[in-house]
Amino acid sequence: MKKYLFIVGLLFPLVLSAQLITGKVTNNRKQPLKAATLRWLGTDVATSTDSKGNFTITTTGITNKMLVASYIGHQSDTIAVRDQVLVTFNLFEDQNLSEVSISKQRDGIILSNRSPFKIEQITSFELAKAACCDLAGCFDTQLTVQPQTTNVVTNSKELRILGLSGVYNQVLIDGLPMIQGLSYTYGISSIPGSLVENIYISKGANSVIQGYESISGQINVETKKPDNTDQLLLNAYMNSFMEKHVNANYAFGKGKWSNITALQTVQPARRIDRDKDNFLDLPLLARYMVYNRLKYGKESNWGLHSTIGLRLLNEERIGGQVGYKSELHKGSSSVYGQSVSFNQPEISTKTGYRFNDTHHIVLYASSFYQDQTSYFGTAKYDATQLNFYTNLQHELTYGNNGLKSGLSFRYLDLDETIGFSSTTQGRTYAGNYKRLEKVPGAFTENTMRFFGGNLTWIAGIRVDHHNQFGMIFTPRTLLKYDISPQTVIRGNIGTGWRTVNLFSENINLLASSRNVIFAEALRPEKAVNLGANLTHKFELLKGDISGSLSLDYYHTNFQNQIFPDYDSDPTKAIIRNFTGTSISNGFQTELFLKLWQRFELKSGYTNLDVYQETSGIKKVLPFNPKHKVLSTFSYKPLTNNFHIDVNIHWYGRQRLPDTKANPEVYRRPDFSESFTTVNSQFTYNLQKFVVYVGCENIFNFRQNQPILSWQDPFSSYFDTSSVWGPTRGREFYLGVRFKLPKVL
């Protein structure tokens, strides 16, 4: 495989000797801004512009010549003053705020033109348009991420980007890898939606700072900040299956200290079997979670800042045949069922010290332990995992540029034990599986801006040493060019790699009667990803109509991929390295319109071509709709008393695993049918109370009897992973939120 090497440049400001600086401040339409504020960064030396946008400011006594321009309703800008005596600022209006900017009037989904990477930000305003009970349910109004069921009996899910398995996109919680290994199976379902403030989604190769695992993209979940959230939030939710969710958040602060405590419990639904296959339509879920986040100071201020998060999670899932009771039938060969129980304590911190506006050092660290006991029919699966991650980095700001460098360390200790209470199905992979990973690494990433900031180049590289596979380099680079303040084009290329946690990432293997065959020792998965995107924002009729248009294309080429072979033998899952041609091509276009501050319309289309080639024959990988269309509609009156939200998803047909060798009764078509789902929610505001009622899958489309060989769950053809559409049918829900605004 070719190695990609990038030279990272360093640029430093020069010391200037001028005593006075003159200049002008305009908006992005080149109109002068009167009474804009100019200030030397980190000082009290300031001035303002006259009626023509002109200003003069002294440099006497100023050593760090970083000049900041700000104006109400516009994004501030900073210029490093070197030898110039005339400085011009063009300030962008609020519609182009960075994706990390937070405003009470912000949109539900924000696409930033200023961020070097294309980042789709889902805000808490957008999350309020649906039930969003957990992280897996937070993507109903966007097209990039597709939640996919991996085991219908326990309702485990993954989040797919670019048509690739969820293992290829990196899911971070507050910038930390808390969903990894054993926690991958149910981790995205254990984050309550009431604790989520923003979700940042990016496709393709991303920054090297967070690690080497991001191949198809990255999802970073930002939890609520204790110093910028409601003092009290209570949320109660129940659906038509009688599953209950109760959430409570409480925040307080004093001086530089602030704290948020969150509690969640989920109580099981009724036993429901609508399609008469003798299996529950959804598992009986019981969850208890306690979360606390303590914060000191602010990262943007000089001096010390720190956040420390603690979480304790206890969860139990029970699914299977209607009459299955875990206390009686665990491991039974007469009544089929699955039961999963685990405890997971975790701790995380982000602690840093900002010396000045130029130098900042920060430590990221996290650790969690998971202890899981589970049964999948006659298969017993017990596992423990200890995970530790740390990242120490230095951030240097020079001019409009930035350099980040640091060291990282990953530690994973995974111990899995598999046993069978019955050998009639001929499964031979029982035993103890242990994995110990120690991965120290180093990285550097330079962000450079040219031509007045219109061109941004990010060059980054990291090197990691795996205790088993040795030294691996991960280079990535990105170019962004501002054609105009409203139109931006980006391109990026980079590599990524990861090691495989086979059973936790493919839980359907344990749920299936297939025998798992290891054809060879597994090596790390490796891929190159390249992509390009264009974003254009516009305003019409003096701002009454605004919106954006985006076009994306991403290509992923695997050098090694591990995808279980379900086609060669319907009774086996063959595990091997695949070093042949394995490609994912993803194209996406999306149009967003906001009309008269009341209506929001969005329409998007995705085309996926995900395949492998063997002996010159192209084989499309299963469970990927080649075509997908999303349309959303929202209406909110200016009084903000209520809002109505509707989203419509159309999925094209998907290739399914080959079952031609099965007995006829256990065969499935080669392709699924196309289908449409429609979801809607009505939300009414009663000052401190918010009542929301909704319906998912209004027209009740469902994949009937999704479990293969449900008639005989102990046969060699039993399989729970052949899920391509909704399996629960129409679902109504009702919820109430109570808020006390922040008093911090």
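Colleague: Which residues are linked with Lys118 in a network of salt bridges?

Modeller: This is a predicted model, and the answer is read from its atoms. Side chains of opposite charge can pair when their charged atoms come close. In the network of salt bridges that contains Lys118, the other members are Lys203 and Asp552.

Colleague: How many salt bridges does a search of the whole structure find?

Modeller: A pair counts when a side-chain nitrogen of Lys or Arg lies within 4 Å of a carboxyl oxygen of Asp or Glu. Arg435 and Glu437 are one such pair, at 2.1 Å from N to O. Over the whole structure, the search gives a total of 30.

Colleague: Lys225 forms a salt bridge with Glu222; which of these two residues counts as buried?

Modeller: The closest N and O atoms of Lys225 and Glu222 are 2.4 Å apart. Buried means under 20% relative accessible area. Lys225 has 21% and therefore counts as partly exposed. The other partner has 15%, so the buried residue is Glu222.

Colleague: Is Asp609, which forms a salt bridge with Lys618, buried or exposed?

Modeller: The closest N and O atoms of Asp609 and Lys618 are 3.3 Å apart. Lys618 has a relative accessible area of 45% and is partly exposed. For Asp609 the relative accessibility is 17%, so this residue counts as buried.

Colleague: What is the relative accessibility of Glu437, the salt-bridge partner of Arg435?

Modeller: The side chains of Arg435 and Glu437 meet in a salt bridge. The cut-off for a buried residue is under 20% relative accessible area. Glu437 counts as buried because its relative accessibility is 9%.

Colleague: What is the strand order of the open sheet of three strands?

Modeller: Strands of a sheet pair through backbone hydrogen bonds, either parallel or antiparallel. In this open sheet the pairing is mixed, and the strand order is 4-1-7. Strand 4 (54-58) and strand 7 (86-91) each pair on one side only, as edge strands. The twist from one strand to the next averages 30°. To end on the order itself, it reads 4-1-7.

Colleague: Which residue in strand 7 stands opposite Gly23?

Modeller: Strand 1 covers residues 20-27, and its pairing with strand 7 is parallel, over six bridges. Opposite Gly23, in strand 7, stands Val87.

Colleague: Which strand supplies the largest share of the largest nonpolar core?

Modeller: This core has 40 residues, and Phe376, Tyr381, Ile418, Tyr429, Leu502, Phe503 and Leu510 touch the most other members. Elements that each supply at least two of its residues include strand 22 (379-398), strand 23 (401-420), helix 4 (502-505) and helix 5 (508-511). The largest share is four residues, and its source is strand 23.

Colleague: How many residues form the other core, which includes Phe139?

Modeller: In soluble globular proteins, nonpolar side chains tend to be buried together. Apart from the largest core lies another, with Ala136, Phe139, Ile161 and Ile191 among its members. Its number of residues is 30.

Colleague: How many disulfides does a search of the whole structure find, and which cysteine sulfur is nearest to that of Cys132?

Modeller: A disulfide requires two cysteine sulfur atoms within 2.5 Å, and the search finds zero disulfides. Cys132 is buried, with a relative accessible area of 10%. Cys133 also counts as buried, at 18% relative accessibility. For Cys132, the nearest cysteine sulfur is 4.1 Å away and belongs to Cys138.

Notes:
Residues are numbered from 1 along each chain as its sequence is written. This is a predicted model: local features need pLDDT of at least 70, side-chain atom pairs count only at pLDDT 80 or more; totals for chains, interfaces and linings use all residues. Side-chain values use heavy atoms; hydrogens and water are left out. Buried means under 20% relative accessible area, exposed over 50%, partly exposed in between (1.4 Å probe, protein chains only). Two strands pair if DSSP finds at least two bridges between them. Axes are lines fitted to C-alpha atoms, for helices over the stretch in contact, and angles run from 0 to 180 degrees between N-to-C directions. A nonpolar core is a set of buried Ala, Val, Leu, Ile, Met, Phe, Trp, Tyr and Cys residues joined through side-chain atoms within 4.5 Å.
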